[in-house]
Every structure is written in structure tokens, then in C-alpha cells.
Amino acid sequence: AAWHAAPRAAAAAREAEASRVAMRQLLSRLVSGSHEATAQAVRAAAAAGKGGAASEESGFELPEAPSVEALERFLAEAASAASASAATAAAIYVSACASGLGPVPLHATRAVPRLMNAAHESAEDRSAPHAREAAVLCLNGMSERLGFAFEPLALPQLPQIVALVGDRDRKVGEAAVRTLETVVSCLDPLAVPAAMPALYHGMRTVSWHVKEVCLRTVGRLAARAPGPLGACMPECVPAVIGCLNDSNAKVQSAASEVIPTMLSCVDNPETQSLKAMIVRALREPSFTLEAVDEILSQTFVNAMDGTSLAFLMPILLRGLRSETYELVKKAATCAGNMCALIVNGAELAPFLPELNPALEMALEHSSPAVRAEAATARDKLLEGVGELQASARKGRDVVSELLRTRLADALGAATTPPEVAAHMGSLGTSLLERLFAGKLSTSLLAEAPQRLAAELVPLAVAVGATSLAEKLPPVCEAAVEAFVEQLPLRAQQVLTSSDGKDYLVDVQNCILAFAGRVLLKKADIRFQRGHRYGLIGQNGVGKTTLLNRLSAGDIRGFPPGLNVHYIRHEVVCEDGVDVVAFCMQKAPAGLADAAVRIEGVLAEVGFTDELRASEVNNLSGGWKMKLSVAISILHAPELLLLDEPTNHMDLDSVEWLEGYLREQTSKLALVLVSHDREFLDRVCTKMVETEYGVTHSYPGNYRSFLKLKGERVRLATAAWEAQQKEIKALKADVSRLRNNEAAAATVRAKERALAELQPGGDKHMPKPFTARARFGFRFPPAPRCSKELIELEGVEHGYGGSTLFSDVDLCIERGDRIAIIGPNGAGKSTLLRLILGTETPRRGRAEVVAPNAVTRYFEQDQANALPLDKTVLQTVQDASASTDHTYEELRALLGKFMFKGEKVEDKLSLLSGGEKARVALCRMLLEPSNLLLLDEP
């Protein structure tokens with residue numbers, strides 16, 4: 001019906017030349033509607049015309065059915081169109097013919113190249129725009145009719161279609177815009193990268209209209225296919241930034257509007273959280289410093305990728321090229337961190353041509369601090385890229401060519417249009433890139449050939465290769481095998497090896513960056529049900545931050561829906577809330593019989609009726625921990641996280657917690673952070689150590705870890721030393737044979753072997769870490785004091801109706817070292833406060849009696865005792881105001897407490913609990929003292 005209706009539509013179009021809008025609507029209804037809708041449109045158009053046979057109006061007779069001969073005649077009609085109505089009529093004929101014949105004859109007749117050649121030839125004749133209009137209208141109609149089957153024909157013509165958007169004839173430009181929209185809307189998402197080069201070129205042309213149309217097309221692609229377009233961002237963002245700086249206001253506006261839509265292509269959660277900042281920084285160069293500060297303060301737990309880096313790089317490059325010392329320094333630090341957070345060096349390679357020169361320029365800066373940061377960033381850049389800048393493109397080409405040749409053979413090389421096989425090869429490669437960009441597993445490797453075949457079969461069927469489905473399995477298996485061979489060695493090992501264990505959590509390539517420093521990189525985090533994992537490492541390596549992110553579940557690859565509960569080392573509660581009410585607040589939503597369940601759980605962990613009625617803030621540390629455990633029981637977690645659970649707990653409470661944790665973990669996985677070695681020994685079944693940004697897992701408890709780590713370091717050191725000898729020998733051989741033409745092949749082989757052993761190579765071994773400098777310090781010599789320092793006489797004290805202690809008589813003398821022990825809530829910290837004089841006893845006398853006593857007090861809760869808005873250096877400088885310490889002496893003292901380099905500029909709010917304790921201890925050493933009161937130091 002559509003075929004026989006086409007002449008009438010063409011005739012009606014000729015009669016409607018005075019109304020071009022009507023012709024466009026008619027063409028749209030004809031090529032995109034159903035047969036019945038088309039017939040109705042043609043009847044309406046014919047009724048509105050002046051009569052006459054449709055075939056006579058069109059200038060030639062219509063065949064009974066679509067044929068190649070008819071297609072040839074219609075193509076000739078389009079190429080010789082002398083009016084707008086003739087162009088529209090030709091487009092209707094060609095579209096109807098393509099709909100009836102399918103894509104195969106279009107390849108055989110070279111219909112699309114012929115149309116575009118005719119358009120190109122007519123461009124030289126300013127008085128003959130109609131052939132160009134006919135060509136783009138034909139492409140529009142065929143694309144709407146054939147959909148994705150038209151992709152292999154349309155994609156090679158996109159550059160010319162984009163160019164025609166700026167044609168000097170307005171009608172041609174309008175037709176080209178519509179054709180571009182149609183082709184893009186029909187694209188397979190995996191074909192988006194193949195369409196982008198034409199848009200990049202359009203955004204760099206002289207015509208403001210072409211730029212505007214290309215920018216809006218990018219916005220549509222971002223909304224329709226964010227994943228595939230995301231991979232194009234390293235090239236797309238610079239082109240858009242160029243338009244953002246264009247002199248034409250309409251181009252600037254279009255670029256500004258499309259940036260937020262493009263950011264939807266980013267799936268990195270941390271980059272998404274910076275979206276508002278990125279948009280503003282790209283639009284407003286004056287906001288660069290604030291933007292860099294915000295990036296540095298962001299906590300990253302997901303690996304950086306090329307999509308995210310594409311949006312951050314313009315900001316960092318602007319900072320590196322700034323004349324402001326502070327901005328250059330921070331931008332260099334930030335650039336180095338971003339490079340360290342990249343897992344796949346191939347994603348970093350596109351930024352090397354611009355970033356490396358910017359860092360080289362910063363190396364010439366007058367400031368030593370800027371030069372040092374730039375040198376570190378450049379090293380991280382080159383280490384991250386390694387030898388991969390060319391291998392990524394080469395790897396894609398290898399797989400795409402393999403698919404092209406194998407598919408051509410399977411389809412029949414003599415009958416398969418080369419552009420179809422090439423397009424299928426490109427689509428298949430794009431699919432594999434997306435599949436293997438996520439979490440790697442042996443099951444993914446097994447599924448990949450079937451998923452590749454499912455992608456290729458529809459296009460093969462569309463071009464008439466219905467028997468290809470039987471021939472695809474070996475082709476797809478070979479393509480997957482070739483693709484895996486191009487992956488880094490570490491990825492290949494993950495894909496081809498399996499320990500057969502069912503992990504509750506299996507996160508690959510986890511990273512952790514906080515407060516402008518990379519704490520963890522390329523770490524695989526695996527937790528198995530039934531095991532108790534101890535996270536260990538020095539203060540500030542990110543243990544608590546990692547627990548926070550595991551609790552939030554915002555790490556890429558973290559299993560969705562996993563029931564996680566986090567017991568923090570502090571219980572935060574408002575004043576006046578009792579234990580039962582607090583449990584009601586913290587119980588999971590929808591808990592059945594909540595009151596009864598809470599009563600039972602509190603009894604299970606040892607809460608008496610009196611304790612249940614107590615206010616939470618009046619509980620001791622041990623009872624607060626038991627309360628936290630009770631709440632965790634209510635949540636029935638699959639993964640239980642604990643941060644320093646033994647802090648402020650007495651021995652009985654610690655023993656209770658050990659027993660409880662050992663009993664519960666057959667039902668769940670447990671991950672805890674603790675510096676209590678005996679607790680780790682008695683509870684943990686596996687240890688995970690973080691050191692220098694790298695994690696290592698060891699079976700067994702803490703004592704087993706010490707033995708196994710020593711053995712691992714010994715073997716790693718021996719292997720590294722052997723590799724260094726091999727590198728030295730290879731370099732010597734290359735140097736000796738370089739000028740020997742007969743040994744050219746040998747030299748090339750040795751150079752390839754050497755590249756594999758160098759940083760960035762698959763066989764490179766990093767130098768094993770040397771032992772960190774031990775934390776050590778000395779108290780300054782104590783000033784002389786009286787023999788008798790502290791006296792307590794008849795002391796009684798307590799709170800409310802309870803008494804903590806009474807009839808206390810005590811004398812503390814010079815040289816005494818006294819430990820105050822007792823169960824939680826017995827009044828140990830209270831006794832120290834009585835001695836200090838910050839509290840007054842109910843009865844008796846408690847005081848420092850030595851007139852020459854110089855007292856220093858270390859508080860239990862450093863978070864409340866330190867100025868968290870100040871830096872480490874500022875805190876120590878303020879505390880030393882009454883002393884004669886020089887800046888160099890303060891830096892040396894901080895160095896003893898492991899605060900070196902940029903670490904002294906960290907705000908206390910960003911420090912870990914152990915680091916805050918070191919700052920507090922450091923302050924105590926600024927002036928000599930002869931009386932130390934230490935509460936949980």
C-alpha cells in the first residue's frame with residue numbers, strides 16, 4: 001500500500017511547493033507511519049491537489065512493485081532534481097523503494113555514496129541546491145524506514161551531512177539538520193562512538209550554526225546513550241570547551257546548556273557529587289581555585305576513569321597554567337592524585353599530550369614546593385600511562401579487524417558489503433570494551449561470546465544473512481580471546497583464575513583518596529561469610545574511611561541490597577534519652593514487636609532493669625559498646641563493621657565482646673579495625689594490612705600475620721632484586737648490539753622484553769616497601785619538683801544518688817608511675833578530673849600540693865579537646881606561643897610524631913583518631929613538665 005501510495009504523495013508534494021512545511025509533514029507521515037496511515041496521508045494529499053494521474057504528475061510510470069531498476073531511476077531523479085518539490089518527490093520514491101527492498105540493494109547500487117556525490121557536485125553550482133536537498137531527504141527517509149540496518153550506510157556520510165547543515169541554501173541546511181537528527185535517533189548505542197568524529201569536526205568549523213546543531217546533537221546522544229557516549233568524553237569535552245569560549249553568543253549558550261547533560265554520562269559517584277562545582281568551574285574560570293579545593297577535599301573510593309577525568313582535566317590544566325602560586329601547587333597535587341586513581345592506563349593516555357607539557361612547565365616554577373608537587377604528579381602520570389598510550393588503540397584495531405574478516409568469511413566475502421562487516425566489527429569491539437570495563441570474573445568470560453553474538457545477529461539478519469547465527473559461536477569466541485589478550489596481565493589473571501569461593505563482598509580495583517592524598521589504590525576487597533577480618537595499618541592510612549564507605553555501599557561493585565551494619569567507636573546520643581528509647585530510635589524500620597524484641601536483646605547482652613532505665617550518655621564506654629551490639633542484633637546484618645570496639649572498655653567487657661563476636665560470625669562476615677593486638681589475636685581469622693596505599697591479605701590471626709608478612713617481604717625483595725639484575729643485563733645487551741645490523745631482530749626482542757619489565761609493563765615488579773621509621777620521641781628533661789606532688793584526703797565523690805568512691809586517702813610522690821584500673825563506670829577519669837581541680841569532690845580534699853608542679857593532661861576524647869578547624873602546624877604553634885621554639889624546631893618535633901611535608905597543613909578535622917592523639921601528645925612535649933595525667937593515651 002505504501003509503495004502504490006508514493007506517486008500520489010509525490011504529486012501532492014509538487015502541488016504543495018508553496019508550502020514547504022506541508023511537504024515536510026507529508027514526507028514524515030509517509031516514511032515513518034504505518035501503511036494505513038501512509039495511505040490516508042496520500043489520499044488527503046491527492047484530494048487537496050489539482051487532479052491528474054499520479055504517475056503522469058511524477059514524470060514517469062510506477063512499477064507494480066519495488067525493484068532495483070526502479071531504485072536506479074529514482075536515484076537519477078534525485079540527482080537531477082531541479083526544484084524543491086522534485087527533491088521531495090524523489091525522496092518519497094527512494095524511501096518507499098528502500099522500505100520494500102531492504103538494505104542489501106542499497107549496498108549493491110551504492111545508492112548512498114551516489115546521492116552524496118551528487119550533492120557534493122551540486123555544491124559548486126550556487127543555482128542548483130535541489131540535488132543536495134534531495135540527497136539529504138533521501139537519507140532521512142531511508143534512515144527512518146530501515147532503522148539500525150541503515151547504520152553501515154549512514155555513518156560514513158555523517159561528516160558530509162554535518163557540513164550540509166551549514167549550506168548556503170537555507171532549505172538544504174534545514175533538510176540536513178532533520179537528517180542528522182533522524183540518523184542519530186536510530187543509532188545503536190554501541191555505534192555512538194563511530195558517529196562522534198563528525199560532530200567533533202562540526203564543533204570546530206567556522207559556521208556558528210553547524211556548531212550549535214552539533215552541540216544539541218551531543219546533548220541528545222548524552223540523554224539517549226550515556227554509557228557509550230561517556231567513553232568519548234576525553235575528545236568531546238575539549239571540543240565543547242572550545243565552543244564555550246566561542247565569540248558567538250548562541251554557540252556559547254548551546255555549549256553551556258549541554259555540559260550538565262553530558263555529565264549524566266559519568267557513572268563515578270564522587271564525580272557526580274561534584275557536578276554543580278564542575279559545571280560552574282567550566283563556565284567561570286575565576287572559580288578554578290575553589291573548584292580545585294573541593295576536588296582535593298573529596299573522598300574517592302571508586303577508581304577514576306577517562307569519562308570523569310575528561311571533565312576535571314580542563315579545570316586542572318587551567319590551574320597549572322595559572323600565575324597564582326597557590327593554585328598551581330594545588331592543581332599539581334590534584335593532577336597527581338587523579339593520575340594515581342586511574343586503574344587502566346589506557347584511560348589516562350588521551351590526556352598525556354596536554355597534561356605532561358603543563359607539568360613540565362610547572363617544573364620550571366620559581367617555588368620549590370610547586371616544583372616538588374609537579375615532579376610527583378609527572379611521575380604518577382608516566383607511571384599510570386606506562387607503555388599503554390598506543391596499545392589501547394592497537395588492541396581495539398586488532399579485535400575489530402579480526403571480527404571484520406571472520407564475519408565477512410562467515411557471511412560470504414563476495415556477497416557481504418565491506419561496510420557491513422566493518423560496522424559489525426566496530427559494534428562488537430565496543431560491546432567487549434563495555435563488558436570488560438566493569439567487574440571481571442570467570443563467569444563474565446564464559447558469557448561474553450553469547451552476548452557478543454546476541455548483539456551481532458540482528459544486523460546480520462537485516463542484511464539477509466539469516467544463516468549467520470550458526471556460524472557466529474566460533475567467530476565470537478575468537479574475538480573474545482583476542483580481546484582478553486590485549487588486557488593488562490592483572491585483568492587476564494582475574495578472568496582466567498577462580499578460587500571457587502562464594503564471596504559476600506567482591507570489589508575490584510578499589511581506591512581511596514581523602515584530604516588530597518591517595519590512601520589506597522587498585523585494591524581488591526573480598527569478604528567471605530563466616531570469617532572475621534582485621535583491618536590493620538598505621539594511623540591515617542584510611543581504615544575508618546574505608547569502613548565508612550563500606551557502610552554507605554557507594555563503592556562500585558559493592559553488592560546492592562546487602563544488609564550492612566556499622567558499629568562506630570563512639571555512640572552519639574542526645575541528652576535525656578534512655579537506653580530503651582535509644583534502641584527504638586535505632587531499630588530497623590518495620591521491626592515486628594519492636595518493644596518485646598528490644599527487651600529481649602538488651603537482656604541477651606546483659607542490661608539489667610536499672611541500666612535499661614539509664615540515660616545513654618551516663619553509660620560507661622563498655623556499656624555503650626554492649627548497647628551498640630544490641631542494636632546490631634536487631635538489624636541482623638550480613639556484614640558487620642566495627643571501628644575500634646575495645647576503646648574505653650574494661651577487661652571484662654573486652655572478654656565479653658570477644659566471645660560474642662566469635663559466636664556470631666558463622667552467620668555473617670565481620671570486619672573490624674583495632675590496635676589491640678591481643679583482641680585481634682583472639683577474634684580474627686584473617687588479617688588485611690594497608691601499607692603505602694597497597695593491601696595484602698593474610699590467613700590467620702595477628703601473630704600469624706607477623707610471620708607471614710616477614711616471609712612475603714623476603715620473597716618479594718629477592719624477586720625484585722633478580723628482576724633488577726635482568727633489567728641491567730637487557731640494557732647492557734641492547735647497548736652492545738644496537739649498532740649491529742645483523743642483530744637488529746635480537747635488539748627489538750630484547751627491547752620488548754625490557755619494556756615488559758619497566759614501570760607500566762605487565763611483568764614489572766615494584767620495589768618492596770622498606771620498613772617505616774618507628775614512632776619515637778623523648779620527653780624534655782623534667783624541672784625539679786617537691787617530693788610530694790598529689791594528696792587526696794577523705795575523698796568521696798559520685799553523681800546523683802550514686803557514689804563512685806569514698807574514704808580515699810592517697811599520696812603520690814615524684815618518680816611514681818601509677819595505673820588506675822577498674823571496670824567501666826568506676827570513676828577512673830573522674831579521679832583524674834578531681835586531681836586537676838576541674839571537679840570538686842563531695843567530701844574531702846584532692847589537690848596538687850607541690851608548688852613547683854608543671855602539669856600536662858591528656859584527655860580521653862581528643863575530638864573535643866583539640867581545635868578541629870586549625871591545621872596540625874597551627875595547633876602546635878599556638879601551644880608554643882609562650883616558648884622560644886623556632887619554626888624549624890616545631891617542624892622537627894612534628895616530624896618525630898610522623899607529621900612530615902604537606903601533612904602538617906592538614907586540618908585536625910581530617911585526621912584519624914590516632915593522629916589526633918599524636919597531635920595532643922606532641923603539644924605536651926612543647927614545654928617541660930613533671931606531672932603527667934594521661935587518660936586513655
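**Entry 1: R833 and E839**

I began with R833, which in this predicted model is partly exposed, since its relative accessible area comes to 25% and the partly exposed class lies between the buried limit of under 20% and the exposed limit of over 50%. I then looked for a charged partner and found that R833 forms a salt bridge with E839, with 2.7 Å between the closest N and O atoms.

**Entry 2: the helix and the sheet**

I next looked up helix α40, made of residues 828-836, and noted that α40 lies across β9, β10 and β11, running at about 125° to β9. In what order do the three strands of the open sheet stand? I read the order as β10-β9-β11, with antiparallel pairing. The edge strands are β10 (802-813) and β11 (843-848), each of which pairs on one side only. Neighbouring strands of this sheet are turned against each other by 20° on average, with direction ignored.

I followed the pairing of β9 and β11 further: β9 covers residues 788-799 and is joined to the antiparallel β11 by five bridges. Within this pairing I found L792 standing opposite A846 of β11. I also recorded a network of salt bridges that links E791, E793, R845 and E847.

**Entry 3: a pair within one helix**

I turned to helix α14 (residues 208-224), where R216 and E212 both lie, four residues apart, which is about one turn of the helix. Their side chains meet in a salt bridge, at 3.2 Å from N to O. Is each partner buried or exposed? I noted R216 as partly exposed because its relative accessibility is 36%, whereas E212 is buried because its relative accessible area is 14%, and the limit for buried is under 20%.

**Entry 4: a pair between two helices**

I then examined D733 and K750, whose side chains meet in a salt bridge at 3.2 Å, N to O. D733 lies in helix α38 (residues 702-737) and K750 in helix α39 (residues 744-757), so this pair ties together parts that are 17 residues apart in sequence. For K750 I wrote down a relative accessible area of 22%, and therefore the label partly exposed.

**Entry 5: the total**

How many salt bridges does the structure hold? I noted 38 for the structure; among the pairs I looked up are R216 with E212, D733 with K750 and E839 with R833.

Technical notes: Residues are numbered from 1 along each chain as its sequence is written. This is a predicted model: local features need pLDDT of at least 70, side-chain atom pairs count only at pLDDT 80 or more; totals for chains, interfaces and linings use all residues. Side-chain values use heavy atoms; hydrogens and water are left out. Two strands pair if DSSP finds at least two bridges between them. Axes are lines fitted to C-alpha atoms, for helices over the stretch in contact, and angles run from 0 to 180 degrees between N-to-C directions. Contact means heavy atoms within 4.5 Å. A salt bridge is a side-chain nitrogen of Lys or Arg within 4 Å of a carboxyl oxygen of Asp or Glu. Buried means under 20% relative accessible area, exposed over 50%, partly exposed in between (1.4 Å probe, protein chains only).
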